[in-house]
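Trainee: I am new to this structure and would be grateful for a close look at a single part of it. Could you take me through one hairpin and its surroundings?

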Amino acid sequence: MEKLDRGVIAVRQSSSSVYVGWRMLGTDADDIAFNLYRKSGNNEAIKLNLDPITKSTNFVDAAVKFDLSNSYFVKPILNGKELDASKSFTLVANSPVQQYLTIPLKTPVGYSPNDVSVGDLDGDGEYEIVLHQTGRSRDNSSNGPTDPPIFQAYKLDGTFLWEINLGKNIREGAHYTQFMVYDLDGDGIAEMVCKTADGTVDGKGKVIGDSTKDWRNPNGKILDGPEFLTVFSGKTGEALATTDYIPARGNIGAWGGRGGNGKNDNTGNRADRFNACVAYLDGIHPSVVMCRGYYGRTVLAAWDWRNGKLTSRWVFDSKDAKNPFSGQGNHNLSVADVDGDGKDEIIYGSMCVDDNGKGLYTTGLRHGDAIHVSDLDPDRPGLEVFGIHEIEEGTKGAGVAVYDAKTGEILWKGSPDEDVGRGVADNIDNTRFGAQMWWSGSNGLYDIKGNRIGDQPRSTNFVIYWDGDLSRELLDANHIDKYNGGRLFTADGAVSNNGTKSTPALSADIFGDWREELILRSYDNQSLRVYTTTIPTEHRNYTLMHDPQYRLSIAWQNDGYNQPPHTGFYFGFGMKKAPKPNIVLVEPKKH
């Protein structure tokens, strides 16, 4: 796992006050405490707290003069001894009252910033940004050309690092290009992995394959030509290894299945549906899993990137419509250790693939558009899966269901024979223990056992940890609401992505305390804004990024129809103390 720094953040709140937050690490001792310091201009740093800070990892500095620059840093305290100072965060003189960091972008003409992922690209203990810039894009069912997908990397201070252009032989759209950013080889520096083709240009300007080839057919689809998988350096964007993509498209008319949307086609609508994730398949080292198909034939290919070599670990292939694992996939997925053996499984919609690449179980509930995996019902052992399902073209079945993540046993189902398009499960009621669930047409909020307990929330989209309690808030478009409460926050001048889906560029705990940041694009597409909460909390938790399931959720958040991340344990009202994560922090290697 990444060795992160303290992630100190300081935000001017008013004419005289500054909110300061910092990270507790998953490996910190339970009795760690902190001292917080402010250095104004060239003056000596002063300690701001009277007693060591033990209840939280945030602080409001109420008497600040802004005519000088103000730098904040913390010093951990262990066994009564003050340790080395963290990196500092500086508010320049006369900083405005502003709840976000600005990352200026080099947005190509006609493009707009879309999905974001984060990773430590240079080994400095801070997260960097990898941004998918999108021009003209299309759904798989739509004909017509698209613009080449472009990826750019930036530091949080706005420093531009590199650009990768996937070229005209990769189609742009939500179901085509899933990009995984993660430290796959344990050198402390993240890589980026995605599908490539003839004409892809890496961050050093080197061309992959044959740049003279144009494989687009008259309908703008790319159904011929080589398909590659490439590992790129997070530091430079250089292509480090390229191999043939598994699986090849093969017979594009043989990717259908059974039930709604299960037919075959010859247009690439089913053959060119992709998902991707990162998983600790051996319990120690991360592997990248590239996936193809979910309406019928479904293939997951696990790869290891070790010591400069990209090798195939295993391939799961449902092969044909008769296989009960065919047609069960979503426009998204999740990764979790469902059986408690320390190794990750891939929850692929309505079925699950074990860490060894064998099918673990299939529920038969078929395809859906949303999935949530966590300890949704803390009264029963293990993890649960909440999902919604497309019931189309005269098929029958549950529109909504909850099932056991280890066995696939269906625990509850609802909305029979209804095509449900959206759904969420998490603890949003800060008076109730356990997760709640709601979905399109649910006409109310339900507990995880299926009992109606309240009114329908305002939105059915993302959720985010934002205010001072342990429950999650409702994130939709550019605003955050409290269930049974009012609007907490609006990001004026910033907008969400993906049309009516109104998803953020990213929502993740990337600095400060355990609450989540919100990344949105500015209205003019010329910058990203990283918003952070300024609401104090007395709850102290280690960074969510040191919970393995949550960290992997951030890697897959850009996949298909984006879904919010979840922890591998119950997090919310009435929770027990978060379990100590079984992680080893990686010291970055000097290259």
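Mentor: In this predicted model, the hairpin of S21 and S22 has 6 residues between its strands, and glycine 293 there takes a positive phi near 90 degrees. Strand S21 covers residues 287-292 and strand S22 covers residues 299-306. The two strands run antiparallel and are joined by 5 bridges. One pairing can be located exactly: valine 289 has alanine 302 in S22 as its bridge partner.

S21 also pairs with another strand. Strand S20, residues 274-279, is joined to S21 by 6 bridges, and these strands run antiparallel as well. Here phenylalanine 274 has arginine 292 of S21 as its bridge partner. As a general point, strands of a sheet pair through backbone hydrogen bonds, either parallel or antiparallel.

Next, consider the side chains of S21. In a regular strand the side chains alternate between the two faces of the sheet. In S21, Ser287, Val289 and Cys291 point one way, while Val288, Met290 and Arg292 point the other way. Each of these residues is buried. Because 6 of the 6 residues of S21 are buried, the strand is largely enclosed by the rest of the structure.

The loop between S21 and S22 deserves attention too, and arginine 297 is found in it. Is this residue buried or exposed? Arginine 297 has a relative accessibility of 16%, and it counts as buried because that value is under 20%. Its side chain is joined to the side chain of aspartate 317 by a polar contact of 2.8 Å. Leaving aside neighbours within four places in sequence, the residues in contact with arginine 297 include Pro247, Ala254, Trp255 and Gly256. Arg292, which belongs to S21, is also in contact with arginine 297, as are Asp317, Ser318, Lys319 and Ser326.

Finally, phenylalanine 274 leads from the hairpin's surroundings to a cavity. This bridge partner of arginine 292 is among the residues that line the largest cavity of the structure. Other lining residues include Asn169, Arg171, Tyr176, Lys195, Glu227, Arg249 and Asp272. About 90 Å³ of space lies in that cavity, and the structure holds 6 cavities of 30 Å³ or more.

Technical notes:
Residues numbered from 1 in each chain as written. Predicted model: local features only at pLDDT ≥ 70, side-chain atom pairs only at ≥ 80, totals over all residues. Heavy atoms only, no water. Helix = DSSP H or I, 4+ residues; strand = E, 2+ residues; numbered from the N terminus. Buried < 20%, exposed > 50% of the residue type's maximum accessible area, 1.4 Å probe, protein only. Polar contact = N/O pair within 3.5 Å; in protein donor to acceptor, adjacent residues only side chain to side chain. Contact = heavy atoms within 4.5 Å. 1 Å grid on protein atoms, 1.4 Å probe; cavity = no way out; pocket = protein on both sides within 12 Å on 5 of 7 lines; lining within 4 Å. Points joined across faces, edges and corners; volume = space filled by probe spheres on them. Pairing = 2+ DSSP bridges.
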